[in-house]
Amino acid sequence: MSAHLIAFFTLREALRRRVVLAAALLTFGYLVLYGVGVWFGYRDLQNTPGGPPGLTEGVVNLMLVGGLWSLNFIASVLAVFLSVGALSGELDQGTLHAVAARPVRRSEIVLGKFVGFTLMLAVFIGVSASLMILIVAVITGEVVGASWSGPFLMLLASMLLIGLALAGSSRLSPLPNGVIVFTLYATALIGGVIEQIGDVLESAVMFNIGVFSSVLVPTRAIWDMASAQLAAGGFAGELSAGPFGASNPPSGWMLLVAALHLAIALGFAVRSFERRDF
Amino acid sequence: MSDPIAIGLAGVSKRYASTLAVDDVTLSVAHGEIFGFLGPNGAGKSTIVKMILGLTYPTAGQIEVLGQPAGSLKARVDVGYLPETFRFHDWLTASELLHFHARLARVDADLRADRVRELLELVGLKDRADDRLSTFSKGMMQRVGLAQSLVGAPRLVILDEPTSALDPIGRRDVRDRIRELGEQGVTVFLNSHLLSEVEQVCDRVAIIDHGAIVAEGKLDELLSAQEIEIRAGEGAEAAARQALGDAEVRALNGRLRVRVANDEETAILVQRIVEAGVSVYDVRQVGDSLEDLFVRVAERGDV
């Protein structure tokens with residue numbers, strides 16, 4: 001088996017090409033900004049007298065969920081950028097030919113790259129989400145709703161995008177593949193908004209459009225599950241559910257849909273790449 | 001090594017949409033042979049190379065490599081390949097590239113470091129071992145590519161235009177390496193445009209045009225046919241045509257160019273022309289090289 005060689009190689013390439021360094025620097029800058037925002041926000045909140053009970057917890061939780069929402073967005077963009085030309089881009093450049101002529105199965109190339117990108121995203125999400133929770137804890141002295149399952153679900157959403165991008169990359173050039181994957185990602189995002197509005201307006205059609213978009217591309221639904229895990233209960237939970245999550249988080253079935261989605265995308269990527277003429 | 005065939009293609013065709021890139025090719029390369037594969041641009045050479053490696057799938061026919069179906073993992077363990085584009089991951093150093101390929105080629109861990117060092121020395125890149133490939137010239141890239149193709153100690157090496165970016169000294173080095181491989185019993189499949197290179201190192205060649213093999217054999221056999229130029233009186237062309245047939249005779253600047261198989265045929269031809277009552281003033285041999293053969297094939301589609 002050579003899949004681990006390909007995975008390690010993929011990781012090393014990202015490190016060497018400074019993709020990770022660039023992402024780390026930008027995220028660091030973002031976290032500094034975020035910290036400043038939380039610090040001022042929290043100070044203003046404490047200076048505001050009155051308000052319903054639980055307001056402070058609610059706002060702190062909202063800041064955390066909102067911050068993680070943007071990290072999830074950065075992770076999604078990173079996942080797509082990393083993997084969108086992983087197969088076809090390398091074929092176009094000719095760098096894959098010597099590798100593919102070695103005793104390596106094409107499935108090992110596809111799955112090795114998937115594992116490599118996933119590990120990279122796991123480190124990115126793990127480190128940046130932990131730092132964010134730490135920033136909130138240090139500044140506000142309290143962490144409301146932080147849980148490990150949140151970042152894990154964020155990683156799952158990124159894995160779905162990596163799977164989709166690899167499936168596309170088995171046939172399409174990086175540019176059209178990138179356009180398609182981002183369009184699907186945007187469809188899921190917009191589907192989520194339509195679903196929320198449908199929920200408020202009690203419109204079954206709008207609600208079902210949102211559900212359909214989640215089944216098509218479950219990235220947003222998985223984030224909704226993550227935000228539900230992260231959101232505190234009661235008033236705090238209601239506050240954070242609005243802009244960054246669903247008022248009705250998806251049921252556990254969505255995990256099964258996501259797993260199926262990933263399996264189908266990777267299965268397609270392997271099968272299509274195995275049949276491709278180099 | 002009971003099977004004497006290193007590469008065997010039987011009735012292999014490849015169709016891309018409406019284009020027939022490779023048309024019913026049957027070809028075999030023996031173990032230990034240095035085999036030259038020639039053809040004009042777009043003739044189907046690289047497609048055949050990729051099919052031998054299992055990178056591209058034939059539409060019809062069978063390909064066997066080292067006794068295994070082409071593309072099978074078992075066949076690939078013993079095959080080294082230098083792609084025509086010689087593009088490698090340029091964020092790696094030369095040494096890292098070879099180590100990566102050594103691992104992919106399943107070279108034992110304790111042999112890898114020595115193998116990599118030896119090969120970098122062999123291709124003259126020992127001093128650049130720790131430099132990134134992005135700083136390499138094209139020629140250096142091609143040399144590290146050659147080292148890469150040999151890192152698994154292959155029994156079969158497939159070199160696709162291995163000297164296209166090299167200077168004359170680099171070319172001579174590669175020719176020497178190919179000869180050494182031949183002496184070690186390694187089969188070499190050399191795909192090249194550089195006819196002198198093929199002429200100097202190959203035991204046998206095949207020429208492909210429009211996807212089909214149009215000439216195949218030992219070099220000396222293919223080149224034994226020669227061309228002669230005859231300056232003679234009027235009526236010589238008709239007499240020559242009568243003797244040898246239209247395809248072998250052409251008029252050029254008032255002289256006749258005739259292809260003959262050997263000296264005996266030259267003597268008979270002159271005799272026939274003289275017998276026809278035509279004076280022969282001058283007969284001289286026009287040297288035939290692989291280049292002549294190649295050009296003739298490319299122009300006419302036959303030998």
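Let me start with the surface of chain A, which exposes about 12200 Å², with carbon and sulfur atoms supplying 73% of that area. I should say straight away that this is a predicted model, and that every value I quote is computed from it.

Turning to the fold, chain A holds 12 helices and zero strands, so the order of elements from the N terminus is simply α, repeated through to the last. As for overall dimensions, the C-alpha atoms of chain A fill a box of roughly 70 × 45 × 30 Å along the principal axes. The radius of gyration of chain A is 20 Å, and this agrees with a compact globule, because a globule with 278 residues would be expected to come out near 19 Å.

Inside the chain, 51% of the 278 residues are buried, and, if we take the contacts between residues at least 6 apart in sequence, 84% of them join residues at least 24 apart. On charge, chain A carries 14 positive and 14 negative charges, and the mean positions of these two sets lie 19 Å apart.

That brings me to the partner chain. The size of an interface is often given as the accessible area lost when the parts come together. By that account, chain A and chain B bury about 2900 Å² between them, and 57% of this is on carbon and sulfur atoms. Which three residues supply more than any other three of the area that chain A buries against chain B? They are Arg16(A), Arg102(A) and Pro103(A), which together supply 26% of it. In terms of residues, the contact takes 27 from chain A and 32 from chain B.

Notes:
Residues are numbered from 1 along each chain as its sequence is written. Chains are lettered from A and ligands numbered from 1 in the order in which they are written. This is a predicted model: local features need pLDDT of at least 70, side-chain atom pairs count only at pLDDT 80 or more; totals for chains, interfaces and linings use all residues. Side-chain values use heavy atoms; hydrogens and water are left out. Helices (H or I, at least four residues) and strands (E, at least two) are DSSP runs, numbered from the N terminus. The radius of gyration is taken over C-alpha atoms; the globule rule is 2.2 Å times the number of residues to the power 0.38. Buried means under 20% relative accessible area, exposed over 50%, partly exposed in between (1.4 Å probe, protein chains only). Contact means heavy atoms within 4.5 Å. Accessible areas come from the Shrake-Rupley method with a 1.4 Å probe; for residues, only the protein chains shown count as cover. Lys and Arg count as positive and Asp and Glu as negative; His and the chain ends are not counted. The place of a charge is taken as NZ of Lys, CZ of Arg, CG of Asp or CD of Glu. Buried area is the accessible area (1.4 Å probe) that two parts lose on being put together, summed over both.
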